[in-house]
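Thank you all for coming. I would like to take a few minutes to go through a model with you, beginning with its helices and ending with its cysteines.

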Amino acid sequence: MQTQNPGDDSHIPLEDVSAAIREGRSLRLAHLYRIMVADEQLNERNLDLGDPVPTGRQILQAAGVRPVADYSIYAILPSGEFEDLRLDETYDLRERGAERFVIFQTDRAFKFTIDDRQMEWGKPSISGKILKTLAGVPTDTYDVYLEVRGGGQDVLIRDADLIDLSKPGIERFITLIRDTTEGLAALPEADLRYLDSHGFAVEVVGDGTHTGVVLKQMQLPQGKFNHPAADVLVILPPGYPDVAPDMFFCDPWLTLVSAGRYPTCADQPHAFMGRNWQRWSRHNTNWRPGVDGLHTMIKRIEHALAEAK
């Protein structure tokens, strides 16, 4: 915690922490620092603090909740994961790269993962709509599923459905874009140029409303997998290239030569065009419309394959 002289002219009146993070700059000296706090329904509001290094208690008091000992507070990190902030623990807004916090009236935390990111929630149940919000995906174009391991069918969670997080074990959720429009008639010109100039053999296929790009016999990192090459499928969502593809898929299924097993988060099946693909749960939350395309998606795939473990 810090003290400041209100009459110090070197301080600006208000520093918006989210703007500083977005602009990639350090926080300026200010009389007030603006953060965002959300309740358990993720209704957000601004909160202005006089200290750039507040404690959890200070944030709760500024949020107006009483008694503060009945509440828990979490910082929402840039990765989307939650970090528990104890009442007397300080949180340095100048260094942590997060400006959003969520407050619960609870003394417990329930763990789960969504799209392979670990999170904690302060209530024993959570809705499908909140899961999508936490995952950072549009609620009207994405679905969220409860992952069922061991060969079972993943369970679709509707926006209003409530999932019990208090059961033994950690619930695992995944989000997938919901296709409601016809697929692409043709790949964008920029994608065609890139694929042609780099010698990729490609098949563009449709499966109902889905459009898939199959990179035929893509070469894999030498000696890393049980096959030297594989077909790699990228499913293009409606709105592509303004909307990001999510995950990729391999056939045949790949195992690590060094470990004799599937790579992490690459052990689930996905049926497409009559083939049983190996789903690689690798997500991209930083898609740049007008900039990104198959060329950046392929680079992400190459990186994921090279770093797989």
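Before I turn to the first helix, let me fix one term: a residue is called exposed when its relative accessible area is over 50%, and buried when that area is under 20%. Please keep in mind throughout that what you see is a predicted model.

I start with helix H4, residues 189-197, where Asp191, Tyr194 and Leu195 are buried. Because these three cover an arc of only 95° around the axis, they lie on the same side of H4. The face turned away from that buried side carries the exposed residues Glu189, Arg193, Asp196 and Ser197. After H4 comes Gly199, which has a positive phi, near 75°.

Helix H2, residues 56-63, has as its buried residues Gly56, Ile59, Leu60 and Ala63. They, too, are placed on the same side of their helix, because the arc that they cover around the axis is only 95°. The general background is that an α-helix has 3.6 residues a turn, so residues three or four places apart point the same way. As for partners, the buried residues of H2 pack against strands E2 (30-38), E3 (44-49), E4 (72-76), E5 (82-85) and E6 (100-104). Just after H2, Gly64 takes a positive phi of about 85°.

Finally, how many disulfides are there? The count comes to 0, with a disulfide taken as two cysteine sulfur atoms within 2.5 Å. The sulfur of Cys250 has its closest cysteine sulfur in Cys265, 14 Å away, and therefore too far for a bond. Cys250 is also buried, with a relative accessible area of 0%.

Conventions
Residues numbered from 1 in each chain as written. Predicted model: local features only at pLDDT ≥ 70, side-chain atom pairs only at ≥ 80, totals over all residues. Heavy atoms only, no water. Buried < 20%, exposed > 50% of the residue type's maximum accessible area, 1.4 Å probe, protein only. Helix = DSSP H or I, 4+ residues; strand = E, 2+ residues; numbered from the N terminus. Arc of directions from axis to C-beta. Contact = heavy atoms within 4.5 Å.
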